[in-house]
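Please look at the sequence and the model below before reading on, and keep both at hand while you follow the text.

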Amino acid sequence: MPLLTLLTDFGLADWYVAAVKGVVLGLAPGTGIVDLSHEVPPGDVETAAFLLAAAAPTFPPGTVHLAVVDPGVGSERRLLAVEAGEARFLAPDNGLLTRILQGGGPVAVRAADRPDVYLPSYRPSSGEISGETFHGRDRFAPLAAALLRGEPFASLGPAIADPILLELPRPRREEGLLRGRVAHVDRFGNLVTDLPGAWLPAGTPFAATVGNALTATRRVSCYRDLPPGEPGLLVGSLGTFELSLAGEDLARSRGIARGAPVRIAFGPGARS
Amino acid sequence: MPLLTLLTDFGLADWYVAAVKGVVLGLAPGTGIVDLSHEVPPGDVETAAFLLAAAAPTFPPGTVHLAVVDPGVGSERRLLAVEAGEARFLAPDNGLLTRILQGGGPVAVRAADRPDVYLPSYRPSSGEISGETFHGRDRFAPLAAALLRGEPFASLGPAIADPILLELPRPRREEGLLRGRVAHVDRFGNLVTDLPGAWLPAGTPFAATVGNALTATRRVSCYRDLPPGEPGLLVGSLGTFELSLAGEDLARSRGIARGAPVRIAFGPGARS
Amino acid sequence: MPLLTLLTDFGLADWYVAAVKGVVLGLAPGTGIVDLSHEVPPGDVETAAFLLAAAAPTFPPGTVHLAVVDPGVGSERRLLAVEAGEARFLAPDNGLLTRILQGGGPVAVRAADRPDVYLPSYRPSSGEISGETFHGRDRFAPLAAALLRGEPFASLGPAIADPILLELPRPRREEGLLRGRVAHVDRFGNLVTDLPGAWLPAGTPFAATVGNALTATRRVSCYRDLPPGEPGLLVGSLGTFELSLAGEDLARSRGIARGAPVRIAFGPGARS
């Protein structure tokens, strides 16, 4: 039985995550389920897209990734199924799979449409028919179970060519200047950028600016080498540059959020 | 091996949830464990009762549900075991199983009393005898493991007829008026009421009031159809009405908490 | 397949915990993974050491415990592997395993050093080589998988005799006085001390002081017996004394944190 990962904005205080798991485990017994994260800020599709692309490559072939950050639940928005390499993804068609679709490899995209497996008449203990507010339980969980039970990817629905994509600015490499943005702020307050670490060879003088305020001119290879009180630049766990502050939450202390522009000037005169 | 769900107010920062799992997995190897929620506010039995009743129906037959919100741990309060349909429940006898017991189907109720399986002399690494503060680990986990290993429900203890019940007000349906309450506030700030959606046919004019302040007169079928800034009414994932505000936390923005009275006047003159 | 527990300061909002699990499940399919806690405050090695020692004894023999609170990641700090009884532990060599190493039983300690299993060239979807900031994914997860697949403990690396230890003050038992400290503050605000409950027989008059402010003179056997508004002393789930306040967060209401000194004067004149 392959693995299932779950990524949502449901939080952990409610019963929503458990309901999705209950349906999956009833339909595909023995599935191993891994929580990717459920603390995506409500409706924050871009954060979900980042987390999914970061974690998915670590999972073994055949894993099904179900991601439900779905402010359009119950509307006419489609349910998306994507096959990328040996991984399968299910998510609302709202841009959540942008980074998977733009990952560079071949992808197959389908609009999942399997009313035969949905739970349209799911009856809670009250005996009432539920509304259209919880497709994670009523539609996505049965779709995931179908894949986990071995139904072919192509059976989920028709191939489509127009999935919704987030407009994520691409990092740019210019003469003496790298232009990118803060792609994610992690729990420690590290600023994870979208700038590939390979774009700036170690030893090159540089000056990094985030927004208009922060400047780092020191590059280190691990957090411990950061000098106290001075932000530094290092290559992080996704191969991109991070800015970090020793033992402190850099994002909070400087009021920086996801999306802030990052500029790294480099070369002989970069620090002047 | 059947599934076990866990519902507690232990939070996720401590070692308490892991300890319950460690004991279960030692006594009933191979058990699949699903976290229902561990973020129940400390001692909030009513929230736990709500979450349990909401999630349990999604799990396959044979699942054991262990719920430990237990401010009376170590006192003379009983340990309750309930069989409802093909599900089994373990919880302190403090009202936590109220919604399961009042779910409408046949239930069997026993006072769990199996000192032969308890861990009364559990010895932490310090070598000390522990106190009576952690029955989740020392009593409930072994009881759950007994059920998971296939011991008959009736072996847990004597049948009883007087489990403690929360006094949950029942929603009422009067001439032109539905009277209920906010049964739960979810992560998104939605106000989940106890009023069945079937009590108000779509298209009926209405005016909904929560406490004394909030009025909604618009009904939608999904969150996306909510107009900006105006609360709306919709049938939620439990088949009851919810009040919601587009992209905002309605509960927080209006200062509404679980228990607030909800009135929905309906009929031709409802909005006047 | 034995069990794996995970203890980190990664939090639950990011993709870090899932990445560790993805690598483990790819290398050691079928592993049962239990989250011990991921809410250790960033870099708080002492809290991690406490939680690990509290939870590990509840798990069945053969369990592998992976603990990553690792501010020195990427530096020259060693990776530690410890065998204590039938449990195996992996953690950075920064004191995190202090309580396991000082638990009283025989332990074997090795400096894990297995570049053949590490993921030095882990390639995220960007195609970039990652930095040295995530040994949880790149080194510890493969090491854990090796143990879970049955590789012998001794194969992880050379035996060492000098693991780093936290200097944890030992509780003291003097004439009419117990001296200890607050070893942990739990979710409920209970002050878990390091003073063994066996050091003060029930019925002995006493006066307990935390820091300079708090005094408890009442001993109870369970939280429910605490009188409203008055802190009490009881033996907790680790066999040590706890101080607790009925239905309230004692730590927050009195501003007490981990490490606060605890003095319990006892005997005929203790309360005068």
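The paragraphs that follow go from a single chain to the places where chains touch, and then to some buried parts.

The model shown here is a predicted one, and every value in this text was computed from it. A good place to begin is chain A, whose secondary structure comes to 5 helices and 14 strands. If a box is drawn along the principal axes of chain A, its C-alpha atoms fill roughly 70 × 35 × 30 Å. Of the 272 residues in chain A, 59% are buried. It also helps to ask how far apart in sequence the contacting residues of chain A lie: when contacts between residues at least 6 apart are considered, 66% of them join residues at least 24 apart.

From the single chain we can turn to chain C, taking its contact with chain B to begin with. This contact takes 36 residues from chain C and 37 residues from chain B, and the two chains bury about 2800 Å² between them, with 60% of that area on carbon and sulfur atoms. Within chain C, the residues that lose the most area to chain B are C:Thr58, C:Arg187 and C:Ser237, which together account for 25% of what that side buries.

One of these residues, C:Arg187, also takes part in a salt bridge, in which its side chain meets that of B:Glu39 at 3.7 Å, N to O. The count between chain C and chain B is 1 salt bridge, while the count of residue pairs in polar contact, both at pLDDT 80 or more, is 11. Which elements of chain C supply at least two residues each to the side that touches chain B? They are β2 (32–37), α2 (45–55), β8 (177–185) and β12 (232–235), and α2(C) gives the most, with 5 residues. Sorted by class, this side of chain C has 21 nonpolar, 9 polar and 6 charged residues.

Chain C touches chain A as well, and here the contact takes 37 residues from chain C and 36 residues from chain A. The area buried between chain C and chain A is about 2800 Å², of which carbon and sulfur atoms give 60%. The count of salt bridges between chain C and chain A is 1, and in a salt bridge at this interface the side chain of C:Glu39 meets that of A:Arg187, at 3.7 Å from N to O. Across the interface of chain C and chain A there are also 11 residue pairs in polar contact, both residues being at pLDDT 80 or more. On the side of chain C that touches chain A, helix α1 (residues 16–27) of chain C gives the most, with 8 residues, and the residues of that side divide into 18 nonpolar, 12 polar and 7 charged.

The last stop is the buried parts. Why can helix α2 (residues 45–55) of chain B be described as largely enclosed by the rest of the structure? The reason is that 11 of its 11 residues are buried, and among them are B:Val45, B:Phe50, B:Leu51 and B:Leu52, as well as B:Glu46 and B:Thr47. Cysteines can be examined in a similar way: A:Cys222 counts as buried because its relative accessibility is 1%, and B:Cys222 is likewise buried, with a relative accessible area of 1%. A disulfide is a covalent bond between the sulfur atoms of two cysteines. Over all chains, the structure holds 0 disulfides.

Key. Residues are numbered from 1 along each chain as its sequence is written. Chains are lettered from A and ligands numbered from 1 in the order in which they are written. Side-chain values use heavy atoms; hydrogens and water are left out. Contact means heavy atoms within 4.5 Å. Buried area is the accessible area (1.4 Å probe) that two parts lose on being put together, summed over both. A salt bridge is a side-chain nitrogen of Lys or Arg within 4 Å of a carboxyl oxygen of Asp or Glu. A polar contact is a pair of N or O atoms within 3.5 Å; within protein, one must be able to donate a hydrogen and the other to accept it, and residues adjacent in sequence count only if both atoms are side-chain atoms. Helices (H or I, at least four residues) and strands (E, at least two) are DSSP runs, numbered from the N terminus. Ala, Val, Leu, Ile, Met, Phe, Trp, Tyr, Cys and Pro count as nonpolar, Asp, Glu, Lys and Arg as charged, and the others, Gly among them, as polar. A disulfide is a pair of cysteine sulfur atoms within 2.5 Å. Buried means under 20% relative accessible area, exposed over 50%, partly exposed in between (1.4 Å probe, protein chains only).
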